[in-house]
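Student: I should like to learn how to read the features of a structure such as this one. May we proceed from the whole chain to individual residues?

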Amino acid sequence: MLICLKTCRRHFLLCRGLQRGFQSITVVARDKWAELRLNTAAVDRCCSTVQGEVRVRFAPSPTGFLHLGGLRTALYNYIFAKKYGGTFILRLEDTDQNRLVPGAAESIEDMLEWAGIPPDESPRRGGPLGPYLQSQRLDLYSQIARELVERGHGYYCFCSTQRLDLLKREALRAGQTPRYDNRCRHLRADQVQEKLAQGAPHVIRFRLEAGVEPFQDLIFGWNRHEVAQVEGDPVVIKADGFPTYHLANIVDDHYMNISHVLRGSEWLISTSKHLLMYRALGWQPPTFGHLPLLMNSDGSKLSKRQGDIFIENFCREGVLPEALLDITTNCGSGFTTSRMGRVLAELISEFDLSKITTHSALLDLEKLPEFNRIHLQQRIEDEQKCHVLIKDLQQQIPQVYAAEIQDQEVFVDNYIRRVLHLRKGHITSMKELVSPTYSYLWVRPSFSDQQVASLTKEAPHIASLVLRLIEEQGEELSVDRLSKDLKSLTKQTKATKHREVMKLLRLVLSGLQQGPSVAEMMVSLGPAEIRHRFQKLLLPPDTS
């Protein structure tokens, strides 16, 4: 993967493309580095042209289920891959065995598929550079860790948990940030071999070095963090033989030929550490881009304790995946437009990495019903997608109403299709159509003689007028025509005002006091069902 860069800092930088997406920075005038401000991303970010194979990855930990923040990261990686004809990889970082949540690994991939952004390579789908579960790659991590030790970039650490806890407590007592004091870095080779021979518990640490070179983040611009000055040497292999994130992610990115790492901005400060590891191993790193955080509309951090941010919850609540993808991109940056109603193909077409800003994306979930309404309308208007909605309703209706259903005609495709087209633009989810508000569509309503009597004494006369109107209208009913004719109908009553007539018609049709217009209800139900419901009013009291 080559990245060709046009730099705005020609006096200081020489950019050259290297294999597999590595962006090498040569500082032409190191003594003038101070003149280059690291965090002025708007000025320092380069315009880049992507050439060659793109391979990106989404690498969550199955210590929890997929939430909105994770979905957004996966989505940007997917869009980037598809924009440039590349490959989107799902890799599960399951090295923290004590915190694994049963079922989370399977659910993460399920939710990516539900959202319409399935990986090209994954634990489930396989691929040429797997396995894609880190717990199945332990031998590789151990081999690389030993290589770091052999090269002098890593060392065995035998410090006990008690000593590390003491260091932490002392640092906190002194008002300092806890850090390892690198004690075992200074052990002689014979001391190390003796402890290993004795089977002493140990970890492997990476030796941090001063002199971190700056790197250019695709979003935040030039960055450099002198990690050796503020951190102790990090653990790369834990006592249980499992790697830490810092080692496993660079090993996997290297061996999976990852060209670009697009991840959350919380990892920006760790990138210098990762680049030191790449340099120690003699590997070319990928190009990094750190995405600004997704936050609540009030600026507070999205928390996994908010049960409603998990994707499975949105799925259960009837939120469409297109609506979820739309709202998570609409609130942020990286696209040429920010209009509502964009589908995935449009998001890919309009994606522009250079337009991603460093500002956090503020997510207002109160707008989600409106996004869902728009995308549901688009589905209804698409014949193929509407057919899927029909099949979905045909399963939901008996689950909700079961034995209450008196007419199997409510399951007919054409009937449900008519309901959907009449209600499009009004409903925000398919679940609404099986709520009590729309129960009249599936079950015949019940009402009492007292309810009818409270509205009019002319119920049989009004019923006969309606039945005659339906005969005149024929089998094809129209909302506009019915609305006009119903106004004329009310003028044919003797003592009942228009308002009471409409209340009676609504009561007989739905058993409700509110809902869609009477004309729309009639068109939804169709002539045969209208006749059945109004014939009840022609019967003597207590016999209906």
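Student: Among contacts in the protein between residues at least 6 apart in sequence, what percentage join residues at least 24 apart?

Tutor: This is a predicted model. Of those contacts, 73% link residues at least 24 apart in sequence. The protein has 21 helices and 15 strands, and 51% of its 544 residues are buried. It exposes about 26100 Å², with carbon and sulfur atoms supplying 49% of that area.

Student: How should a single helix be read, and what span should helix H17 have?

Tutor: An α-helix has 3.6 residues a turn, so residues three or four places apart point the same way. Helix H17 comprises residues 459-473; at 1.5 Å a residue its 15 residues should span 21 Å, and this agrees with the 21 Å between its end C-alpha atoms.

Student: Which residues of H17 are buried, and against which helices do they pack?

Tutor: The buried set consists of Ala-459, Ile-462, Ala-463, Leu-465, Val-466, Leu-467, Leu-469, Ile-470 and Gln-473. These residues pack against helices H16 (449-453), H18 (479-490), H19 (498-510), H20 (518-525) and H21 (527-535). Just after H17, Gly-474 adopts a positive phi of about 85°.

Student: What should one look for in the backbone angles elsewhere?

Tutor: Most residues other than glycine have a negative phi, and most peptide bonds are trans. Asn-257 has a positive phi, near 55°, and lies in the loop between H8 and strand E12 (260-264). Ala-402 also has a positive phi, near 40°; its place is the loop between helix H14 (383-401) and helix H15 (413-423).

Student: Why does Asn-257 count as partly exposed?

Tutor: Partly exposed covers values between the 20% and 50% cut-offs. Asn-257 has a relative accessibility of 34%, so it belongs to that class.

Student: Where is the cis peptide bond?

Tutor: It joins Gly-130 and Pro-131, with omega about 0°. Pro-131 is located in the loop between helix H3 (104-114) and helix H4 (138-150).

Student: How is a pocket to be described, and which residues lie nearest the centre of the second largest pocket?

Tutor: One may consider volume, lining and residue class in turn. The second largest pocket holds about 630 Å³ of space. Its lining has 24 residues, with Thr-161, Leu-164, Val-203, Arg-205 and Val-235 nearest the centre. Helix H5 (161-173), strand E8 (203-206) and helix H8 (245-255) each contribute at least two lining residues, and H5 gives the most, with five. By class, the lining has 14 nonpolar, five polar and five charged residues.

Methods
Residues are numbered from 1 along each chain as its sequence is written. This is a predicted model: local features need pLDDT of at least 70, side-chain atom pairs count only at pLDDT 80 or more; totals for chains, interfaces and linings use all residues. Side-chain values use heavy atoms; hydrogens and water are left out. On a 1 Å grid over the protein atoms alone, a cavity is a set of points where a 1.4 Å probe fits but cannot get out, and a pocket is an open set with protein on both sides within 12 Å along at least five of seven lines; lining residues have an atom within 4 Å of a point. Grid points are joined across faces, edges and corners, and a volume is the space filled by probe spheres set on the points. Helices (H or I, at least four residues) and strands (E, at least two) are DSSP runs, numbered from the N terminus. Ala, Val, Leu, Ile, Met, Phe, Trp, Tyr, Cys and Pro count as nonpolar, Asp, Glu, Lys and Arg as charged, and the others, Gly among them, as polar. Buried means under 20% relative accessible area, exposed over 50%, partly exposed in between (1.4 Å probe, protein chains only). Contact means heavy atoms within 4.5 Å. Accessible areas come from the Shrake-Rupley method with a 1.4 Å probe; for residues, only the protein chains shown count as cover. The expected span of a helix is 1.5 Å times one less than its number of residues.
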